[in-house]
Amino acid sequence: MRTTKLSWYKNTPDGFNGEVNITSAVFDPNKADTGDIDGDGYIDIVVSSGTDKKITWYQK
Ligand SMILES: [Ca+2]
C-alpha cells in the first residue's frame, strides 16, 4: 500500500497519544530513521522515497 502521509505518535505509559501529521507530501516513503542531526536537542526524522527519488529531513 502506497502512502503520501508521514505521522508520529508520542509514546505514553498507556500506549500512544493522538496522531501528529508531519507531512502529507511524501510519496511512498520506504525508510525512516531518527536522530538529532543538527545537534539542537530535538529529534529529527530522515525519510527516503524511491518513488520521487528523494531523501528528506524533517525537523521541529
Ligand atoms: Ca535536531
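**Group meeting: a five-strand chain**

Let me begin with one residue, Arg-2, which is exposed because 8 other C-beta atoms lie within 10 Å of its own; a residue counts as exposed at 12 or fewer such atoms, as buried at 20 or more, and as partly exposed in between, with C-beta atoms placed from the backbone. What we have here is a predicted model, in which local features need pLDDT of at least 70 and side-chain atom pairs count only at pLDDT 80 or more, while totals for chains, interfaces and linings use all residues. Residues are numbered from 1 along each chain as its sequence is written.

Staying with Arg-2 for a moment, this residue lies in the segment before strand E1, which covers residues 6–12. Arg-2 and Phe-27 are 25 residues apart in sequence, and their C-alpha atoms are 7.7 Å apart in space.

Now to the chain as a whole. The protein chain has 0 helices and 5 strands, where helices (H or I, at least four residues) and strands (E, at least two) are DSSP runs numbered from the N terminus. Its pattern along the sequence is accordingly β-β-β-β-β. The C-alpha trace spans about 35 × 30 × 15 Å along its principal axes, and of the 60 residues in the chain, 3% are buried. If we take contacts between residues at least 6 apart in sequence, 11% of them join residues at least 24 apart, a contact being two C-beta atoms, placed from the backbone, within 7 Å.

How are the strands of the sheet ordered? The order is E3-E4-E5, in an open sheet of 3 strands with antiparallel pairing, and two strands are said to pair if DSSP finds at least two bridges between them. Strand E3 (29–35) and strand E5 (54–58) are the edge strands, each pairing on one side only. On average, neighbouring strands of this sheet are turned by 20 degrees against each other, direction ignored; the axes behind that angle are lines fitted to C-alpha atoms, and angles in general run from 0 to 180 degrees between N-to-C directions.

Let me go through the two pairings in turn. E3 and strand E4, residues 44–49, pair in the antiparallel sense over 6 bridges; among the bridge partners, Ala-32 has Val-47 in E4, and Lys-31 has Ser-48 in E4. E4 is joined to E5 by 5 bridges, and these two strands also run antiparallel, with Lys-54 in E5 as the bridge partner of Ser-49. E4 and E5 form a hairpin with 4 residues between them, and in that turn Lys-53 has a positive phi of about 55 degrees.
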